[in-house]
Amino acid sequence: MDASVYCPAFAPFFGFAGVFSAMAFSTLGAAYGTFKAGIGIAGIGPFRPELVMKSLIPVVMSGIIAVYGLVVAVLLSGQLSPTAGYSLFSGFIALAAGLSVGMGGLAAGYAIGIVGDYCVRGYARESRLFVTMVLILIFAEVLGLYGLIVALILNAKADNSICG
């Protein structure tokens, strides 16, 4: 069996694309969630300053989305080496894992940002909305967690043993 067919020189490109996808898309989602929820917090701050600290929950949850991408990016980059062989299979696995956590984080960030903005503004008017806001934010956060879990499962399947 010819290892050069399964371990071409361009295979690490897909691994690096997976690392990029994990970091870039999950960070974009976290940034959008922070930005959008921050607008709502800034909107209620002058009128109800006592609610600002409790209203930071969407911003904190958005930051966690970026951590999911960071974890996967570190795991994927740990398999890349300039001297060791890297299979095309592992490259495609890394790309799929990076896209999984990245796109999941992007979707979660958008959901957290939009829900955070509207719910924080609604919470300023009606305090009973707080529990509803937290529950919706938890379910939005789980979208990113699903992407992380899929990425970890995919990463466990990577195999470079054929590259010898």
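Contact here means heavy atoms within 4.5 Å. The exercises below concern a predicted model.

**Exercise 1. Overall form**

Task: Determine how many helices and strands the protein has, what share of its contacts with a separation of 6 or more comes from residues 24 or more positions apart, and how its radius of gyration stands against the globule rule.

Solution.
Step 1. The secondary structure comprises five helices and zero strands, and the order of elements, read from the N terminus, is α-α-α-α-α.
Step 2. For 164 residues the globule rule gives 15 Å, whereas the radius of gyration of the protein is 20 Å, which is well over that value, so the protein is more spread out than a compact globule.
Step 3. The extents of the C-alpha trace along the principal axes of the protein are about 70 × 20 × 15 Å.
Step 4. Among the contacts in the protein with a separation of 6 or more, 88% are made by residues that stand 24 or more positions apart.

**Exercise 2. Surface and charge**

Task: Find what percentage of the residues is buried, which atoms supply 75% of the exposed area, and how far apart the centres of the positive and negative side chains lie.

Solution.
Step 1. With buried taken as under 20% relative accessible area, 43% of the 164 residues of the protein fall in that class.
Step 2. The exposed area of the protein is about 8,400 Å², of which carbon and sulfur atoms supply 75%.
Step 3. The protein carries 7 positive and 6 negative side chains, and a distance of 16 Å separates the centres of these two sets.

**Exercise 3. Salt bridges and their surroundings**

Task: State how many salt bridges the structure holds, and work out for the pairs Asp117 and Lys36, Arg48 and Glu50, and Glu126 and Arg128 whether the partners are buried, partly exposed or exposed.

Solution.
Step 1. Side chains of opposite charge can pair when their charged atoms come close. The cut-off for a salt bridge is a side-chain nitrogen of Lys or Arg within 4 Å of a carboxyl oxygen of Asp or Glu, and the structure holds four such pairs.
Step 2. Asp117 and Lys36 form a salt bridge with an N to O distance of 3.6 Å. This pair joins distant parts of the chain, since Asp117 belongs to helix α4 (residues 88-125) and Lys36 to helix α2 (residues 11-44), with their positions 81 residues apart. Both Asp117 and Lys36 are buried.
Step 3. A network of salt bridges links Lys36 and Asp117 with Arg121.
Step 4. Arg48 and Glu50 meet at 2.8 Å, N to O. Arg48 has a relative accessible area of 30% and is therefore partly exposed, while Glu50, with 53%, is exposed.
Step 5. In the salt bridge between Glu126 and Arg128, the closest N and O atoms are 3.0 Å apart. Glu126 is partly exposed because its relative accessible area is 34%, whereas Arg128 counts as exposed at 67%.

**Exercise 4. Residues of helix α5 and the segment after it**

Task: Classify Asn155, Ala156 and Gly164 as buried or exposed, and identify the contacts of Asn155 beyond its neighbours within four places in sequence.

Solution.
Step 1. Asn155 lies in helix α5 (residues 129-156), and its relative accessible area of 13% is under 20%, so Asn155 is buried.
Step 2. When neighbours within four places in sequence are set aside, Asn155 is in contact with Leu75, Leu76, Gln79 and Ile93.
Step 3. Ala156 is also placed in helix α5, but its relative accessibility of 62% makes Ala156 exposed. The C-alpha atoms of Ala156 and Thr132 are 36 Å apart in space, although the two residues are 24 residues apart in sequence.
Step 4. Gly164 belongs to the segment after α5 and, at 99% relative accessibility, counts as exposed. Between Gly164 and Gly85 the C-alpha to C-alpha distance is 6.7 Å, with a sequence separation of 79 residues.

**Exercise 5. Met23 in helix α2**

Task: Establish the exposure class of Met23, and then which residues Met23 touches.

Solution.
Step 1. Met23 is part of helix α2, and a relative accessible area of 29% makes Met23 partly exposed.
Step 2. Residues up to four places away in sequence not being counted, Met23 touches Gly69, Leu70 and Ala73.
Step 3. Leu51 stands 28 residues from Met23 in sequence, and their C-alpha atoms are 32 Å apart in space.

Terms used
Residues are numbered from 1 along each chain as its sequence is written. This is a predicted model: local features need pLDDT of at least 70, side-chain atom pairs count only at pLDDT 80 or more; totals for chains, interfaces and linings use all residues. Side-chain values use heavy atoms; hydrogens and water are left out. Helices (H or I, at least four residues) and strands (E, at least two) are DSSP runs, numbered from the N terminus. Buried means under 20% relative accessible area, exposed over 50%, partly exposed in between (1.4 Å probe, protein chains only). The radius of gyration is taken over C-alpha atoms; the globule rule is 2.2 Å times the number of residues to the power 0.38. Accessible areas come from the Shrake-Rupley method with a 1.4 Å probe; for residues, only the protein chains shown count as cover. Lys and Arg count as positive and Asp and Glu as negative; His and the chain ends are not counted. The place of a charge is taken as NZ of Lys, CZ of Arg, CG of Asp or CD of Glu.
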